[in-house]
Amino acid sequence: MREDQTETPSVPLEESDKSNPVYMARQRFERASQYLNGIKHGLVDFLNSPKRSISICFPIELEDGSVVTFHGYRVVHNRVLGPGKGGIRFHPDVNADEMRALAALMTWKCALIDVPFGGAKGGVACDPKTLTETDLRRIIRRYVSELGDNIGPHTDVPAPDLYTNAQTMAWIYDTYDILHQGKDNLAVVTGKPLDLGGSEGRCDATARGCLYATQRLLERGGVTGLRDIKGARVAIQGFGNVGAAAARLFQEEGAIIVAISDTQGGIHDENGLDPDAVQTYKDEHETVVGLPETLTITNQDLLELDCEILIPAALSNQIHKENAARIRARLIVEGANGPITADADDILFSNGVLVLPDILANAGGVTVSHFEWVQNIEHESWELEEINRKLKIKMTRAVDTVFDRWQHLLTVGTRPADSADAENNDNQPPAPDLRTAALVVAIERMAKVTLERGIWP
Ligand code: NAD
């Protein structure tokens with residue numbers, strides 16, 4: 001096992017490598033930094049650097065008798081607010097840079113939504129579609145045992161992410177518990193099955209959080225002429241944990257789900273798809289494509305559909321420089337982490353497409369993860385109504401804070417009134433988008449708490 005305490009990105013951060021997730025995270029951080037007043041450079045640097053990054057490599061004997069070497073990662077970006085918190089994903093694209101960028105996102109997300117966790121992320125580079133359930137169980141058990149005491153209920157608490165689920169979390173808990181016998185270990189991981197300390201509402205939490213955040217943003221007048229989800233045409237990329245629940249929940253609130261997709265392509269019906277019928281079809285055929293009486297489209301078509309709300313709920317970097325100008329949605333709700341590149345942010349902003357950013361839009365997952373962690377520690381079990389009520393309060397408050405800050409940055413500008421730069425428009429940073437305002441709120445919170453704790457020694 002290798003642990004790098006002082007982190008340098010494994011690839012140079014050059015203009016030419018704009019799709020590198022670390023490059024993009026830094027670009028966005030630097031953009032937000034222009035709006036920070038009175039935070040020392042060294043502190044800003046600290047907040048932008050991962051605290052601990054672990055790379056592991058291990059062999060697994062697969063069910064078919066072959067032996068394969070896997071590479072896994074776990075990054076804790078910041079622990080100022082509390083234990084690390086973040087998903088574990090299984091995907092062929094998992095790499096150290098992606099983990100660092102996603103761990104930083106978790107830091108901002110936890111700060112924004114106001115849960116006492118730091119940011120973390122982990123994963124194993126593998127293709128779960130080619131592996132059996134037994135293979136996946138062996139991989140996750142070995143991964144957890146390699147991490148040893150680097151995860152724990154008060155150290156770093158994993159959760160589900162891309163291609164991991166409640167079953168994976170149960171295996172993580174079981175492995176950790178076997179390695180730490182006699183201790184109260186339930187809170188080591190969240191997103192567990194209900195009968196194993198999981199929380200009511202966790203499965204739908206991310207999508208429900210997207211719904212509450214969207215509703216609040218529309219109520220606040222974020223999208224001119226669109227005050228309500230009712231009647232809005234919604235396209236959703238990805239039909240997994242987040243996408244499938246989003247389809248159901250948005251439809252329950254009166255939205256018309258005009259398109260849904262998965263890895264194999266998309267389906268489109270201008271009159272509205274029935275999410276339950278799509279789910280039944282997907283369960284039988286392992287894809288949404290081919291559902292009777294729907295038009296087959298590509299994932300690219302789906303992103304560019306004429307609709308009011310687009311919810312990317314699959315992978316990163318789906319909306320980029322090449323397709324951003326063709327996006328016709330009025331509002332993009334980032335169910336996925338990092339579905340829009342930094343270049344595309346600028347194009348969407350100048351075209352008047354509002355983006356509800358990932359660190360706000362999909363924070364419902366970590367919020368209910370926090371509720372699960374609290375219930376586990378207190379040996380309590382809360383009712384679903386209670387969970388959803390608390391989630392709605394958190395999401396609404398976070399949207400209000402970010403929206404108010406955004407409006408303030410747009411109207412008042414960023415420099416203090418007595419600043420020498422106040423008269424000089426050339427030194428004013430450009431108008432910020434909602435993502436930048438969200439980052440500003442998160443970074444300022446983190447800086448404040450870091451200083452309240454005091455810099456050691
Ligand atoms: P999941 O594995 O349950 O579902 C992923 C879905 O994306 C699947 O339907 C898959 O078919 C689809 N997909 C994969 N590649 C695709 C492609 N190239 N084009 C179109 N569709 C594709 O994952 P999930 O938990 O729903 O997570 C989705 C995203 O949401 C990820 O970015 C994840 O980090 C983010 N997220 C998840 C949670 C959570 O609670 N699960 C919380 C916050 C953020």
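Which residues have the most contacts inside the largest nonpolar core?

**Entry 1, the cores.** I began with the interior, bearing in mind that this is a predicted model. The largest nonpolar core has 95 residues, and I noted Trp-108, Phe-250, Ile-260, Ile-311, Leu-331 and Leu-356 as those with the most contacts inside it. When I looked up which element gives the most to this core, I found helix H3, spanning residues 96-113, with 12 residues. I also recorded a second, separate core of 25 residues, which includes Phe-58, Trp-171, Tyr-173 and Val-189.

**Entry 2, Ile-311.** I then listed what Ile-311 touches beyond four places in sequence, and the list holds Val-234, Ala-235, Ile-236 and Gln-237, together with Ala-246, Phe-250, Val-333 and Gly-335.

**Entry 3, Gln-237.** From there I turned to Gln-237, which I located in strand S7, residues 233-237. Is Gln-237 buried or exposed? I entered Gln-237 as buried, because its relative accessibility is 3%, which falls under the 20% cut-off. Its side chain makes a polar contact of 3.2 Å with the side chain of Asn-299. Setting aside neighbours within four places in sequence, I found Gln-237 in contact with several residues, among them Ser-261, Leu-302, Ile-311, Ala-314 and Gln-318.

**Entry 4, the ligand.** Asn-299 led me to the ligand, since a polar side-chain atom of this residue lies 3.3 Å from a ligand nitrogen atom. I noted two backbone approaches as well: a backbone N or O atom of Phe-239 lies 2.9 Å from an oxygen atom of the ligand, and a polar backbone atom of Ala-314 is 3.1 Å from a ligand oxygen atom. Taken alone the ligand exposes 830 Å², of which the protein buries 90%. I counted 22 residues around the ligand, and those that come nearest are Thr-206, Phe-239, Asn-241, Val-242 and Asn-337. By class, I wrote down 8 nonpolar, 10 polar and 4 charged residues for this shell. Helix H6 (202-219) and helix H7 (241-252) each supply at least two of the shell residues.

**Entry 5, Asp-161.** Asn-337 also turned up among the residues that Asp-161 touches, alongside Gly-87, Ile-88, Arg-89 and Lys-121, not counting those up to four places away in sequence. I placed Asp-161 in the loop between strand S6 (156-160) and helix H5 (166-179). At 18% relative accessibility I had to enter Asp-161 as buried, because the cut-off is under 20%. Which side chains join that of Asp-161 in polar contacts? I found Arg-89, at 2.7 Å, and Lys-121, at 2.8 Å.

Definitions and conventions
Residues numbered from 1 in each chain as written. Predicted model: local features only at pLDDT ≥ 70, side-chain atom pairs only at ≥ 80, totals over all residues. Heavy atoms only, no water. Core = buried A, V, L, I, M, F, W, Y, C linked by side-chain atoms within 4.5 Å. Buried < 20%, exposed > 50% of the residue type's maximum accessible area, 1.4 Å probe, protein only. Helix = DSSP H or I, 4+ residues; strand = E, 2+ residues; numbered from the N terminus. Contact = heavy atoms within 4.5 Å. Near = heavy atom within 4 Å. Polar contact = N/O pair within 3.5 Å; in protein donor to acceptor, adjacent residues only side chain to side chain. Areas by Shrake-Rupley, 256 points an atom, 1.4 Å probe, with all protein chains shown as cover. Nonpolar A, V, L, I, M, F, W, Y, C, P; charged D, E, K, R; others polar.
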